[in-house]
Amino acid sequence: MPYPKPSRRSWAEPFKIKVVEPLKTTTHEHRVKAIKEAGYNTFLLRSGDVYIDLLTDSGTNAMSDYQWAGMMLGDEAYAGSKNFYHLESSMQKYYGYKYLVPTHQGRGAEHIISQILIKPGDYIPGNMYFTTTREHQELAGGTFVDVIIDEAHDSESNHPFKGNVDLQKLEDLIKKVGPKKIPYASVAATVNMAGGQPISIGNIKAVRKMTEKHGIKIILDATRAVENAYFIKTREKGYEKKSIEAILKELCSFTDGCTMSGKKDLLVNIGGFLAVNDKDVFDEARNMVVVFEGLHTYGGLAGRDLEAMARGMEEMVEETYIRSRIGQVEYLGQKLIDWEIPIVRPIGGHAVFLDAKKIYSHIQQDQFPAQTLAAEIYLDSGVRTMERGIVSAGRDSKTGENRHPKLELVRVTIPRRVYTQAHMDVTAESILEVYENRKKVKGMRMIYEPKHLRFFQAKFART
Ligand code: P70
């Protein structure tokens, strides 16, 4: 027995590794060339030039043997595939909504629900924007209004539920524009752009109480709701003993439907869905999906993809899994905290967010500190991360001016069940190296800017 006795029990991955995929290391010289060719945008790097890929947790998960076995049971019928019915009943079991419309991924569902519920001139309040979600709301003629609590915009605030809606901000908006101009509140669990921060049950309940008397719906972005459920279990009074499965269902019960990117919580590589309780909205969505995605029983996916999602739902709510998932993110974040590298607190569910504004305090926001930091980390070690700052925030749809978000972050995102603790160590050490050399670095200028979701394809050059 080691002495002193460890004060807590460690988590460990509740799985062992059956198949491995080799990683390639590259030389510094190679990386200098690769990132320059990519216009200093990590989205434009070839994955073959990347060592540890922490760009995103989206579609980058490792599936289990149970999910892979399910892939062989894909029923590739054009209509009425068995796997659709399996997914439908699983969604009803774990999320509790009545009706399911599968889509190829999350933004497919966002497109459909935005077109159905939003009229030009409407306002959509939400707990911080998400890039694709807001884009679809604006394409439908709506204006997104941020009603998240102020703490969410402060990287240092240790508020346990930084994803909470500020009820006063919501009420003010309802008073200002009138409830008829607000088709729904767009509530995310967890909030990606705030740093993977959760919303509490207490807060969503209060939002429900306020909106329902005005006939305003709530559409949940359930993409990482399981991770949110874990934070509720570990942080919200009265939920310690409840299962993740029960908390997830309770969270959804205060909402009228959800959009879902299955590529996260559902432990798959592709897929998503829209789920609703209202029969009329469902009928319209089911009709629209055939125009944009595919027939209403496959929504742009193969039968095997539907099966993998259904099986992923069984695994996502396992307590040992979710504990190790969040535990791994915490492990990386805690290392950086111990080294006094500024990151968003508390550590989020799917990623550690580096505070580029603080790290590169000498670089103006218009010279893209987060974009620069992501490029520098890649240059140091081949670890790929993502900008979540002024580039991601884009331009105001009315004035055309650059938005200047308070948070200027680099997201170090952890795919599920893919990397080991040693990969986290190597990543942390690379971030430390870049941090120590921070004073030598200059910002960048944008040399190419696409019209939609510019962060995906924009190009930069050194100033
Ligand atoms: C990411 C991915 C996707 C996402 C999300 C939330 C909370 C909806 C979606 C859309 C992929 C991504 C998307 C835009 C910019 C960068 C990266 N997030 N809601 O890496 O789902 O991708 O399936 O259409 O996080 O965070 P989908």
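What follows is a walk through this structure, from the ligand site out to some unusual backbone spots and a few individual residues. Keep in mind that the model is predicted.

Let's start at the ligand. The space it takes up is the second largest pocket. There are 22 residues around the ligand, and those that come nearest are T56, R107, D221, S261 and R411. For three of these we can look at the atoms. T56 has a polar side-chain atom 2.6 Å from an oxygen atom of the ligand. In the side chain of R107, an N or O atom is 2.7 Å from a ligand oxygen, and R411 likewise places a polar side-chain atom 2.7 Å from an oxygen of the ligand. As for how covered the ligand is, it exposes 550 Å² when taken alone, and the protein buries 97% of that.

Which elements build the shell around the ligand? At least two residues each come from α4 (106-117), α5 (131-139) and β9 (386-388). Helix α4 gives the largest share, with three residues.

Now for the backbone. As background, most peptide bonds are trans, and most residues other than glycine have a negative phi. With that in mind, four spots deserve a look. A189 and T190 are joined by a cis peptide bond, with omega at about -10°. T190 belongs to the loop that runs between β4 (184-188) and α7 (201-212). There is also a cis peptide bond between R345 and P346, where omega is about -15°. P346 sits in a loop too, the one between α12 (319-338) and β8 (351-355).

The other two spots concern phi. F368, which is not a glycine, has a positive phi near 60°. You'll find F368 in the loop between α13 (356-359) and α14 (369-381). Is F368 buried or exposed? With a relative accessibility of 6%, F368 counts as buried, because the cut-off for that is under 20%. R417 is also a non-glycine residue with a positive phi, here about 65°, and its loop connects β10 (409-413) and α16 (421-436). R417 has a relative accessible area of 19%, so it still falls under the 20% cut-off and counts as buried.

Next, move to helix α3, which spans residues 82-94 and holds N83. N83 is buried, with just 3% relative accessible area. What does the side chain of N83 make a polar contact with? Its partner is the side chain of E307, at 2.9 Å. Setting aside neighbours within four places in sequence, N83 is in contact with L73, G74 and D75, as well as with G303, R304, L306 and E307.

E307 turns up again when you look at G70, a residue of helix α2 (residues 65-71). Beyond residues up to four places away in sequence, G70 touches E307 and R311. G70 has 0% relative accessibility and therefore counts as buried. For a sense of span, compare G70 with V441: they are 371 residues apart in sequence, and their C-alpha atoms are 49 Å apart in space.

V276 offers another view of how distant parts of the chain come together. This residue lies in strand β7, which covers residues 272-276, and it is buried at 4% relative accessible area. K98 is 178 residues away along the chain, yet the C-alpha atoms of V276 and K98 are separated by 6.2 Å. The contacts of V276, leaving out neighbours within four places in sequence, take in Y97, K98 and Y99, along with I113, D256, G257, V281 and F282.

Finally, take a look at P160, in the loop between β3 (143-146) and α6 (167-177). Why is P160 classed as partly exposed? Its relative accessible area is 37%, which means it falls in between the 20% limit for buried and the 50% limit for exposed. P160 also has a partner from elsewhere in the sequence: R235 is 75 residues apart from P160 along the chain, and their C-alpha atoms are separated by 6.9 Å. Apart from residues up to four places away in sequence, P160 touches P198 and R235.

Terms used. Residues are numbered from 1 along each chain as its sequence is written. This is a predicted model: local features need pLDDT of at least 70, side-chain atom pairs count only at pLDDT 80 or more; totals for chains, interfaces and linings use all residues. Side-chain values use heavy atoms; hydrogens and water are left out. Buried means under 20% relative accessible area, exposed over 50%, partly exposed in between (1.4 Å probe, protein chains only). A polar contact is a pair of N or O atoms within 3.5 Å; within protein, one must be able to donate a hydrogen and the other to accept it, and residues adjacent in sequence count only if both atoms are side-chain atoms. Contact means heavy atoms within 4.5 Å. A residue is near a molecule or strand if one of its heavy atoms lies within 4 Å of it. Accessible areas come from the Shrake-Rupley method with a 1.4 Å probe; for residues, only the protein chains shown count as cover. On a 1 Å grid over the protein atoms alone, a cavity is a set of points where a 1.4 Å probe fits but cannot get out, and a pocket is an open set with protein on both sides within 12 Å along at least five of seven lines; lining residues have an atom within 4 Å of a point. A molecule sits in a cavity or pocket if more than half of its atoms lie within 2 Å of its grid points.
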